Amino acid sequence: MSATARRREIFHRILADGYVDAKTLSADLGVDASTIRRDLDSLAREGKVERTHGGARAVEGAGLEVPYALKKDVRREEKVAIAAVAAAMVSDGDSVVLDSGSTTYEVAVALRHKASLTVLTNDLRIAKYVAAFPDVRLLVSGGELLGSVYTLVGDHAVQFLSDYSADWAFLGADAVHPTAGITNTNTLEIPIKRAMIRSAEKTIVVADRSKFGERALARVASLDEVSCIVTDGGFDEEKRAAYGDRLVIASNS
């Protein structure tokens, strides 16, 4: 196996599992430990992984979308708190657009006791969960699947949303910045996120504190284009002022 192929295999394992052990890689790939260390160091220099003692772990925001399996348990307590605040804004009978992502999935969970909802989504995991609600109208976009994150994107997904007018849109974000606004790593998701904003009377961004002060590659919207941003209670008070009165803080307790 060439060095390029070996490093690709290592990177894919990190994306799938979140972490790799150098000794295990050495045994599995049939090369000595020093070769694996060089491979991991090379991937780290490219910004694809983060080196740890004895191995490496995934870096969110690396060139590929971080799989849902790696995202779902990161800061889960904060995401649940954020979702509870977001879901409390919704009334029985409302129509709700749910963006793809682990935080918006928690919003779906928090909405489970609402009655007579109409839910529109491009996230297959959210669709599967919401389909079990006893009293719901579920509409799922078409489009092309981004497999690792279970997200539907493309012209069909955007066109789907243009046919509806919802009460609420709940959007995830890779980064939230006072001047750059809401940004995202994967450019393929930008058109449908913008379509969600256009389709809803109110847009709520749900993002934990780790996303703030950061910039990702592609712009989704300015802060002025969203109704509010819900984040968790660990957000630094000194940094809150930069986001104005659109910031809503959820308690983690």
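Throughout these close-ups, a residue is called buried when its relative accessible area is under 20%, exposed when it is over 50%, and partly exposed in between. Please keep in mind that the model shown is predicted.

**View A. A salt bridge between R6 and D39 joins two helices.** The structure holds eleven salt bridges, and this view picks out the one between R6 and D39, whose closest N and O atoms are 2.4 Å apart. The two partners come from distant parts of the chain, 33 residues apart: R6 sits in helix α1 (residues 3–17), while D39 belongs to helix α3 (residues 33–45). Are these partners buried or exposed? R6 has a relative accessible area of 8%, so R6 counts as buried. D39 is buried as well, at 1%. A further residue joins in here, since R6, R7 and D39 are linked in a network of salt bridges.

**View B. E225 and R219 meet in a salt bridge.** Here the side chains come together with an N to O distance of 3.3 Å. What is the exposure of each partner? E225 has a relative accessible area of 41%, which means that E225 is partly exposed, between the limits of 20% and 50%. R219 is partly exposed too, at 41% relative accessibility.

**View C. D224 and R246 form a salt bridge between two loops.** The closest N and O atoms of D224 and R246 are 3.5 Å apart. This pair also links distant parts of the chain, 22 residues apart: D224 lies in the loop between β13 (218–221) and β14 (228–232), and R246 in the loop between α10 (237–240) and β15 (247–250). D224 is exposed, with a relative accessible area of 61%, whereas R246, at 25%, counts as partly exposed.

**View D. Helix α2 has its buried residues on one face.** Which residues of helix α2 (residues 22–29) are buried? They are A22, L25, S26 and L29. Looking down the axis of α2, you would find these buried residues within an arc of 100 degrees, so they line one face of the helix. The spacing makes sense: an α-helix has 3.6 residues a turn, so residues three or four places apart point the same way. K23 and A27 are exposed on the other side of α2.

**View E. D21 and G30 flank helix α2.** At the start of α2, a side-chain oxygen of D21 comes to within 3.1 Å of the backbone nitrogen of K23. After the helix comes G30, with a positive phi near 70 degrees.

**View F. Three strands build an open sheet.** The strand order is β1-β3-β2, and the pairing is antiparallel. β1 (19–21) and β2 (49–52) are at the edges with a single partner strand each, so one side of each has no neighbour in the sheet. From one strand to the next, the twist averages 25 degrees. β1 and strand β3 (residues 55–58) pair in the antiparallel sense over three bridges. D21, already met in View E at the start of α2, stands opposite G55 in β3.

**View G. Helices α2 and α3 meet the sheet.** How does α2 run relative to β1? Its angle to β1 is about 70 degrees, and α2 lies across β1 and β3. α3 packs on the sheet as well, touching β1, β2 and β3, and its direction makes about 135 degrees with that of β2.

Methods:
Residues are numbered from 1 along each chain as its sequence is written. This is a predicted model: local features need pLDDT of at least 70, side-chain atom pairs count only at pLDDT 80 or more; totals for chains, interfaces and linings use all residues. Side-chain values use heavy atoms; hydrogens and water are left out. A salt bridge is a side-chain nitrogen of Lys or Arg within 4 Å of a carboxyl oxygen of Asp or Glu. Helices (H or I, at least four residues) and strands (E, at least two) are DSSP runs, numbered from the N terminus. Buried means under 20% relative accessible area, exposed over 50%, partly exposed in between (1.4 Å probe, protein chains only). The arc is that of the directions from the helix axis to the C-beta atoms. A polar contact is a pair of N or O atoms within 3.5 Å; within protein, one must be able to donate a hydrogen and the other to accept it, and residues adjacent in sequence count only if both atoms are side-chain atoms. Two strands pair if DSSP finds at least two bridges between them. Axes are lines fitted to C-alpha atoms, for helices over the stretch in contact, and angles run from 0 to 180 degrees between N-to-C directions. Contact means heavy atoms within 4.5 Å.
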